[in-house]
Structures are given as C-alpha cells and as structure tokens.
Amino acid sequence: MDSNEKNQVILEKILEEFQKLNLTIEKSILTLGNRLIDSMKKPYSWSDLPSEMKLEVIDKMGVLDRYLFRCTSKADRSLVDSQKIDIDKIEINVTSWKTLIWYSGDIDSDIHGFRRNDEIIIPETFMKFLLKITKVKEFHLDFGRMICLGEDHPPFPGPYKIQSCPVDDTIDFCLSNLSNGCKMITLDADNVWGFPEVETLLAHPSIQTAKLWQIKNRDGESDCVVPVVQMFREKHFDIGTTFQVMFKHGSNSMDNVIEEFDFYIVSKTENVVRIKTEDYSKHILLERCLGEGSDDGWEVEPPEYIRLQVIPRKLKESKYETDHTTWMKVLCPENFPDPYEDNYDDYYYPSEDSDEENGERAHSPWGAD
Amino acid sequence: MSSTEQGTSSAAPAEPTTAPESAAAPEVPESFYYVHGKDKVVHKVSAGALQHSALIHGMISNLGYTEEQAKANPFPFENIDGDILQMVVDWCNQHKGKPTPPEDTNLPKQKEKLFDLVLAVNYLEIKELLTYCCKQVAMMVKGKSPEEIREIWMIPTDAEDEAAEKEAKKRAGKEAAGETAAAAGDAK
C-alpha cells in the first residue's frame, strides 16, 4: 500500500468518525429540543383524557356532581348521560310549598329540597336527570306528607328551572322519565285531588315493566282494579308481577271484577278470586283484606287492601299465602306499627341463601320466575 | 445516565408451606427490573412491585430476561414524564405484595399532575391505582358549581368549543385549497 492509499484510508476513517460525531450532535440537539418542548407543555387537562377514562371518573361521581358537571359543556353531556347509576330508592314528596327529593344508593345518598310559595313545583331538569340517569329499585311518590327540611340544609347549588305543575302532570312527568324494570313503584294518592285514572298510569312503560306497583290511600269512587286485571289477562306478564292498592274507605272493586270477568273465573271465595289469562300457563290471583276501621267515632268504611298477582296455572290453592300482613305492610307500612322490626326487603328480594334455608323462595309459593 | 434505586432489597414473602421448618426451601432472591421515563432516569423496581402493572408484567413474562439483561435493557416509557413515573414506582413499591386498601392516602396531592398520572397509569394498566386516581379526579369537583368545575378542569365553554371548531374548519379548508392549487400547478 503506497502512501497515497494510506492517506486515503485515514481520510475515510476521519470522515466516518466525523459523520458519527455529527450524527450524535444532531441527536443531542433533537433530544434537547424535545425536552425543551416537553418542559414548555402545559400539564394535561380533562380534555386530554380519552372517553373511557372520562367515564371511569364520572363513574366515581355522585348524582348531584354529575348533574352539575353535565352543565359545563355540550361535549361531556352525552358522556354523563350514557353512564347509569344504581340507586336503591328514590322518594319524591311534593307539597304545596316545596318538593323534596331523597335518594339513596351505594355510591350516593342525598336529599334536596326546592321551595316555592303557593305553587306545586318541580325542579324539572334535576328530577328528569335523576330519573333518567338512575336504575332504581324502588320509586315512591307522594303528595302533601310533610318532611321537615332543616333551615341549615345547604341550598341546591345548580341551575334548575322551577315550573308550576298540577298533580297529574307531576305523576306523568315522573313515570315517563323513570327507567324501566323497577322492582317497586309506589304512588300515594293521599291529599290528592284529581289523581289520574289507572288507564293513564298503565300506558307508561315504567309501570308496565315494574315487578310490583302499588297505589295507596286511593278513594273508592273510580275502580282501578278492573283495568289492571284486564291488562294482566291480555298481555303476557312474568309470573310474580304484582299490583296492590289500598282504598282508604273500601270499594266495590271485588264485585266489579267478579261481574266483569265472570266467564274467566276459575274459583272464588269471599276474599280470593282466581282468573284465567290469555296465556294458558298463567292465572291471576286477586286477594282482598279489610283493615281496621277508625275508632274516632265516625262511621266510615275500613280501609280495603287488594293484591293482584300473576301466578302459574299449576299453583295449588293449598299454597296460597295465609298471612297477608306482610304485603299489606309493604303497601302501607304506616298502618302497621311494628312491635318488632321486619324488613320487607327480605320478602320481595330474598337473599340467595334464603332459598337454601327454607327449601323454597321465602314468601313466594311458586318459586323463582 | 443516572440511576436511582427505588426497589427494596427485601426478599419476596416466602410461600406458605406444609413441610417442617428444617426442611424449608431456601428463599429465592427477588429479581429486579429497570424502567425509565422521558427523563431517562432509570428506576430499579422489584418484580413483586411491578406485578401491579399488567403491561410490564406481560412484558416481563414474554421476554424472560435475566437480571443482567434487565439491567442492560431498561423498559423505556418515553411517553411518561420522569416525575410521574417516579410517583408510579413509589406507589408500586408501597403496595408490593399487600392487599390494596379501599382508600389510599398515599396518592399524590398535586392536582396539576393528576391527569398526567391518570394517563400514565392507564397506559401502564395499573387497575387499582387507576381507580384511586379517577376517584381523586372526581373529588376535585365535588360540590362545585359548573363554572368552578370548568375552571378546575380547564373545560372550554360551548362558545369556545364552537369557535375552535370553526377555526379548525377554516384552516382545513385553506390547506385543501392550497393543495389543489399546488396539484394544478404540477399538472401544468
């Protein structure tokens, strides 16, 4: 190898090393630049979170916080609305001067009061949100029963629309916004003028899909049992679906049912009627009990309790319940002051092991649906 | 490259055994792995602590690294800030081999960095920590009015959102027009 060739090789080596060095410097400059950009970047905010992360956060929020959050922007409203929240019980109490909303569940329990003078009010947007967003086991609506809300209770912080609303609109509003598949819906007709006809109530999917729905303190003037029997007969309801009603001062409902469905009656006694349905495998069982009359000197009819249940055709009469206090108490707990605590949840939602203990469902003679 | 030793040198808890004490198997030394974030600072973490992260746990199982190989090839998480990775490593070490409590008091209290932490934890697939972080994020706005929530979480108003959308559309329209003109020029 002559000196020229040697020089050529050395030059190539130097060039190669220089290129490597240049590459390293370029890389270092790039790294420094990236780090500078990173240090200038603001920390991430809510908008940077992917939707599934936002849903994870929303899942941890209570009802009121979700409602207030959905008022911040259109973009997140649909996310909030898509996330259902399980609630054990919602109670709404409407009086002439305030609406009280109470709800309780695993994630959240709270009570909110809305006041207004001389008008029945609905805090419409919050109630609508509450009913839409929740999967409720029990829903209870009553009018006029006063629950005291302390003066020191914090005022409701969110924006809401107060709307003057008659009673039947309130009931309609609640039932049309209530989610389907409630385990229990209770409507209290006490203190109510112009309680809606049962046909109107039956039109609501929330009523049609409820496992148990009941009306208490109904006056006996308009019959609400015949239309329900009609519906239970014609539409295919699950076995165990129940309707209960308490008439404050008795009614002619039993006679009306016997007269209307005479052709379909399988058996009848003084207080129990069994009726065929369009579905060969199912019957309707109507049971009636009379409560105790008042002892205040007024001669008025005692309260009448009626229960309608969809039962299997094969259910024998010997399997009928003989103790009616439990279901009457579910309907009107205030009429049965209890010397011993009896949890009616065990009646309607028996625990899994109650089956094992008793060999059958606690109070349901026909077992699971 | 600097290095911080975040891992504990304590051995993994011995497996329960029915054999007599004298015949008990010798304790297996705990293995360590190395991770680094955007700042290239390497953290030494025990395999037990890393089990919290489904992502890293999966990587370890698939790679089958020896300790030397693990040391030579730290897992790079270039998308995670160094201080955030530090927080995650600390949490994993604190909760190594322990049942996670229902409420975690060891979570970082820096609200500014909480969203960064949520994103990092989500990426690293640390389920329990993600639950805590999301709860913490939700707690930031508990009882706050919509205006306060907007301020805390830096949520743009609907008007700001619409303006930004219009601006983006306008820019996209201009870019499309420019591209069309350039294509027409090329054709000529």
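Helix α4 (residues 82-94) and helix α5 (residues 114-124) of chain B pack at an angle of about 60°, and their axes lie 10 Å apart. Both are helices by DSSP (runs of H or I, at least four residues, numbered from the N terminus). Axes here are lines fitted to C-alpha atoms over the stretch in contact, and angles run from 0 to 180 degrees between N-to-C directions. The angle makes α4(B) oblique to α5(B). The cut-offs are simple: under 35 degrees is roughly parallel, over 145 roughly antiparallel, 65 to 115 roughly perpendicular, and the rest oblique.

This is a predicted model: local features need pLDDT of at least 70, side-chain atom pairs count only at pLDDT 80 or more, and totals for chains, interfaces and linings use all residues. Residues are numbered from 1 along each chain as its sequence is written, chains are lettered from A and ligands numbered from 1 in the order in which they are written, and side-chain values use heavy atoms, with hydrogens and water left out.

Back to the helix pair. α4(B) passes α5(B) in a right-handed crossing (the near helix is turned clockwise from the far one by less than a right angle; anticlockwise would be left-handed). Ile84(B), Leu85(B), Met87(B) and Val88(B) of α4(B) touch α5(B) at Asp116(B), Leu117(B), Ala120(B), Val121(B) and Leu124(B). Contact means heavy atoms within 4.5 Å. By class, eight of these residues are nonpolar, none polar and one charged. Ala, Val, Leu, Ile, Met, Phe, Trp, Tyr, Cys and Pro count as nonpolar, Asp, Glu, Lys and Arg as charged, and the others, Gly among them, as polar.

Now look between the chains. In chain A, 26 residues are in contact with 28 residues of chain B. The buried area is about 2,400 Å², and carbon and sulfur atoms give 69% of it. Buried area is the accessible area (1.4 Å probe) that two parts lose on being put together, summed over both.

Helices meet across this interface too. α2 (residues 51-59) of chain A packs on α6 (residues 127-140) of chain B at about 70°, with axes 8 Å apart. α2(A) and α6(B) are therefore roughly perpendicular. Their crossing is right-handed. Met53(A), Glu56(A) and Val57(A) meet Leu130(B), Cys134(B), Val137(B) and Ala138(B). That contact has six nonpolar, no polar and one charged residues.

How many salt bridges does the rule find across the interface of chain A and chain B? It finds one. The side chains of Lys74(A) and Glu162(B) form a salt bridge, at 3.7 Å from N to O. The rule asks for a side-chain nitrogen of Lys or Arg within 4 Å of a carboxyl oxygen of Asp or Glu.

Terms used: Helix = DSSP H or I, 4+ residues; strand = E, 2+ residues; numbered from the N terminus.
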